[in-house]
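Please report on the packing and contacts in the model shown here. Cover strands, cores, aromatic pairs and salt bridges.

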Amino acid sequence: MLEAVHHSPAAAVGPVIAVVDDDAAARVSLVRLLDVSGYDVRAFDSGEAFLGAPDAATVACVVTDLQMPGGSGLDLQRALQARGHVVPMVFVSGYGTVSTSVEAMRQGAVDFLEKPAPPDALLEAIERAVAKGRTISVRHEQRLDVERRLALLTARERQVFDAVVRGLPNKQIGAELGIAVKTVKVHRGRVMQKMETRSVADLVRDAELLAAD
């Protein structure tokens, strides 16, 4: 179930935060805190309800309980990861154990707080989650841009690209690919042009971005 939070027209609406908790009182309390703190809040009484929302992948952070009927907060975390949605999460629970908190953090949770979470600690965790989400979003866009440029390379140019980022000189690239050094230079120039880079360092950064998890 989705509970909309209404803001006054003059209110400044910040990042969208999803609150997922089957406890109605806890849910309302969290929503009020986040609302007055300037966030745009969406509230759900289960992980399934959140996953069924059309904008589930666009939220900046998920604040979720751990133990809920029909699926735990960890189940929600795994479901989002299975969909390829990397959404920063903050767990707030009165039933957490060391093993569950470790698992949540290992899977990328920003924090694991005990109920009732101190407002300052919760808001600080959410701020970190939102910042992490921005970083993830920027890196995702950068990676898509690199993949777009990389798709412009021919098969031979891709081989030269791979060799260049490995630090091989033109002579060694030519020997490895069975082509003349002059031909390597031509391909290398085309790689630089298509990848829109000015230096080998730029190519290496692009390669590192593609290799990053």
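Is Asn170 buried or exposed? Asn170 is buried, because its relative accessible area is 19% and the cut-off for buried is under 20%. The model is a predicted one. Asn170 lies in helix α7, residues 170-177. Setting aside residues up to four places away in sequence, Asn170 touches Val181, Val184, Lys185 and Arg188.

**Strand β4 and its partners**

Strand β4 spans residues 61-64 and is covered on both faces. Cys61 and Val63 sit on one side, Val62 and Thr64 on the other, and all are buried. Strands β2 and β4 run parallel and are joined by 4 bridges. Within this pairing, Ala18 stands opposite Val62 of β4. Strand β4 also pairs with β5, again in the parallel sense, over 3 bridges. Here Thr64 has Phe91 of β5 as its bridge partner. Together with helix α3, strands β4 and β5 make a right-handed β-α-β unit.

**Nonpolar cores**

In soluble globular proteins, nonpolar side chains tend to be buried together. The largest nonpolar core in this model has 22 residues. Which residues have the most contacts inside it? They are Val63, Val90, Leu122 and Ile126. Two or more residues come from each of β2, α1, β3 (40-44), β4, β5 and α5. Helix α5 gives the largest share, 6 residues.

Val63 shows how these parts meet. Leaving out neighbours within four places in sequence, Val63 is in contact with Ile17, Ala18, Val19 and Val20, among others. The list of Val63 contacts also includes Leu30, Val90, Val92, Leu122 and Ile126. Another core lies apart from the largest one and has 21 residues. Val20, Ala49, Ala53 and Leu66 are among its members.

**Aromatic pairs**

How many aromatic pairs does the structure hold? There are 2. Phe44 and Phe50 form an edge-to-face pair, with 5.3 Å centre to centre and 75 degrees between the planes. Phe44 and Phe50 are both buried.

Phe91 and Phe112 form a stacked pair, because their ring centres are 5.6 Å apart and their planes meet at 10 degrees. The cut-off for stacking is under 30 degrees. This pair links distant parts of the chain. Phe91 belongs to strand β5 (residues 89-93) and Phe112 to strand β6 (residues 111-114), 21 residues apart. Phe91 is buried at a relative accessible area of 0%. Phe112 is buried too, at 16%. Phe91 thus has two roles described here: bridge partner of Thr64 and ring partner of Phe112.

**Salt bridges**

The model has 15 salt bridges. The table gives the details of some of them.

| Acidic residue | Basic residue | Closest N and O atoms |
|---|---|---|
| Asp21 | Lys115 | 2.8 Å |
| Asp75 | Arg78 | 3.1 Å |
| Asp145 | Arg148 | 2.8 Å |

What parts does the Asp21 and Lys115 pair tie together? Asp21 lies in the loop between β2 (16-20) and α1 (24-36), and Lys115 in the loop between β6 and α5 (119-150), so the bridge joins parts that are 94 residues apart in sequence. Asp21 is buried, at 1% relative accessibility. Lys115 is partly exposed, at 29%.

The bridge between Asp75 and Arg78 stays within one helix, α3 (residues 73-82). Its partners are 3 residues apart, so about one helical turn separates Asp75 from Arg78. Asp75 is partly exposed at 38% relative accessibility. Arg78 is partly exposed at 39%. Helix α3, which holds this bridge, is also the helix of the β-α-β unit with β4 and β5.

Asp145 and Arg148 are both in helix α5. They too are 3 residues apart, so the separation is about one helical turn. Asp145 has a relative accessible area of 31% and is partly exposed. Arg148 is partly exposed at 41%. Which residues join Asp145 and Arg148 in one network? Arg149, Glu196 and Asp206 do, through salt bridges that share partners. Helix α5 thus contributes to the largest nonpolar core and holds the Asp145 and Arg148 pair.

Methods:
Residues are numbered from 1 along each chain as its sequence is written. This is a predicted model: local features need pLDDT of at least 70, side-chain atom pairs count only at pLDDT 80 or more; totals for chains, interfaces and linings use all residues. Side-chain values use heavy atoms; hydrogens and water are left out. Rings of Phe, Tyr and Trp (its six-membered ring) pair if their centres lie within 6.5 Å; planes under 30 degrees apart count as stacked, over 60 as edge-to-face and the rest as tilted. Buried means under 20% relative accessible area, exposed over 50%, partly exposed in between (1.4 Å probe, protein chains only). Contact means heavy atoms within 4.5 Å. A salt bridge is a side-chain nitrogen of Lys or Arg within 4 Å of a carboxyl oxygen of Asp or Glu. Two strands pair if DSSP finds at least two bridges between them. A crossover is right-handed if, with the strands pointing away from the viewer, the path from the first strand over the helix to the second runs clockwise. A nonpolar core is a set of buried Ala, Val, Leu, Ile, Met, Phe, Trp, Tyr and Cys residues joined through side-chain atoms within 4.5 Å.
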